[in-house]
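Please look over the structure below with its aromatic side chains, helix packing and backbone angles in mind. The briefing that follows takes these topics in turn.

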Amino acid sequence: MARKKFVAGNWKMNTTLAEAKALATALAQGVGTSTAADVAVCPPYPWLVPVHEALKGSSVGLGAQDVSHEPKGAFTGEVSTAMIKEAGCKYVVLGHSERRHILGESDVEVHLKLHTAVEAGLYVILCMGETLVEREKGLAERVFQRQVYSAVAGITDEQWSRIIIAYEPVWAIGTGKTATPDQAQNAHYFIRTKIRSLHGEKIANALPILYGGSVTADTAAGLFSQPDVDGGLVGGASLKADQFLAIVKAAGN
Ligand code: PGA
């Protein structure tokens, strides 16, 4: 069975409240109730509730950009899975390279967060990707080992159905340098083959693997036409309704 395409917008630390509401309203109108592809947006925490309101009646899902692995308590500044769920989230992005490389998030933290999130019933968009130096040294295998395999260790077959991988080469994020469709396909094929050998055919075949890194309305169709590219995690281009809707369209919606 063909995997359904999925496009998620990662708004990062952008938008005012008014901009967030306007963007969500435009996306809700543009996507409507179409389910040809899955679509989600991940606004900053304070805008989750108003964006959820603006998306009501549409098939656009809501995600958070991170979550704590602690359930509740004295953890100043942290936000729990129960909180983001109550705010309307179905998804959460974990292990984004900006968190790993700029904010120093470790593989252990990503592992703990991923387990907490899937146990809470959330769908996790688990990010992985090599830096330029790692790519040039041919370390793709080691990056996979470190960022994906360590994160999913101990995940049950049932929980695998709530995991989405986003392959985001660090050198392509926010740089305007998109991986070519061939580069993306090769990386996605490698990831799927690894998952197949570790977790079996069924999980590997069902696993959505998104591409992220300077996806635009112009590059989306070429990327999404690759057999192992199941959609995209979109940063910059998700902040403009017309561009994001064009990317969603390239995914079949
Ligand atoms: P970009 O970001 O599309 O702006 O490169 C993608 C991401 O970081 O998820």
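**Briefing on the predicted model**

Thr15 is found in the loop between strand S1 and helix H1 (17-31), and the backbone there deserves a careful look, since Thr15 has a positive phi of about 85° although it is not a glycine. The model is a predicted one, and every value quoted here is computed from it. The points below cover the backbone, the aromatic rings and the packing of helices.

**Backbone angles in loops**

- Most residues other than glycine have a negative phi, and that is the background against which the two residues in this group are listed.
- Thr15, in the loop between S1 and H1, carries a positive phi of about 85° without being a glycine.
- Ser214, which is likewise not a glycine, has a positive phi near 55°, and its place is in the loop between strand S7 (209-212) and helix H11 (220-224).
- Ser214 counts as buried because its relative accessibility is 18%, which is under the 20% cut-off for that class.

**Aromatic rings**

- A pair of aromatic rings is described by the distance of the centres and the angle of the planes, and a search of the whole structure finds 4 aromatic pairs.
- In one of these pairs, the rings of Phe6 and Tyr91 have centres 5.0 Å apart and planes at 25°, so the pair is stacked, given that planes under 30 degrees apart fall in that class.
- This pair links distant parts of the chain, with Phe6 in strand S1 (residues 6-10) and Tyr91 in strand S4 (residues 91-94), 85 residues apart.
- Phe6 is buried at a relative accessible area of 4%, and Tyr91 is buried as well, at 5%.
- Tyr91 also forms an aromatic pair with Tyr123, and this pair is tilted, at 5.9 Å centre to centre and with 55° between the planes.
- Because Tyr91 lies in strand S4 and Tyr123 in strand S5 (residues 123-128), the pair ties together parts that are 32 residues apart in sequence.
- Tyr123 counts as partly exposed, at 29% relative accessibility.
- Through these ring pairs, Phe6, Tyr91 and Tyr123 are linked into a cluster.
- The charged end of Lys90 sits over the ring of Tyr123, at 5.2 Å from the ring centre.

**Packing of H1 and H2**

- Helix H1 and helix H2 (residues 48-55) pack at an angle of about 25°, with their axes 8 Å apart, and this angle makes H1 roughly parallel to H2.
- The crossing of H1 and H2 is right-handed, and the contact is made by Leu17, Ala20, Lys21, Ala24, Thr25 and Ala28 on the H1 side and by Pro50, Val51, Ala54 and Leu55 on the H2 side.
- Ala18, which lies in helix H1, counts as exposed at 56% relative accessibility.
- The C-alpha atoms of Ala18 and Trp47 are separated by 9.6 Å, while the two residues are 29 residues apart along the chain.

**Packing of H7 and H9**

- Helix H7 (residues 140-152) and helix H9 (residues 181-199) pack at an angle of about 50°, with their axes 11 Å apart, which makes H7 oblique to H9.
- H7 passes H9 in a right-handed crossing, and the contact involves Ala140, Glu141, Phe144, Val148, Tyr149 and Val152 of H7 together with Phe190, Ile191, Lys194, Ile195, Leu198 and His199 of H9.

Note on methods
Residues numbered from 1 in each chain as written. Predicted model: local features only at pLDDT ≥ 70, side-chain atom pairs only at ≥ 80, totals over all residues. Heavy atoms only, no water. Phe/Tyr/Trp six-rings, centres within 6.5 Å; stacked < 30°, edge-to-face > 60°. Helix = DSSP H or I, 4+ residues; strand = E, 2+ residues; numbered from the N terminus. Buried < 20%, exposed > 50% of the residue type's maximum accessible area, 1.4 Å probe, protein only. Lys NZ or Arg CZ within 6 Å of the ring centre and 35° of its normal. Axes fitted to C-alpha atoms, helices over the stretch in contact; angles between N-to-C directions. Parallel < 35°, antiparallel > 145°, perpendicular 65-115°, else oblique. Left-handed = near helix turned anticlockwise from the far one by under 90°. Contact = heavy atoms within 4.5 Å.
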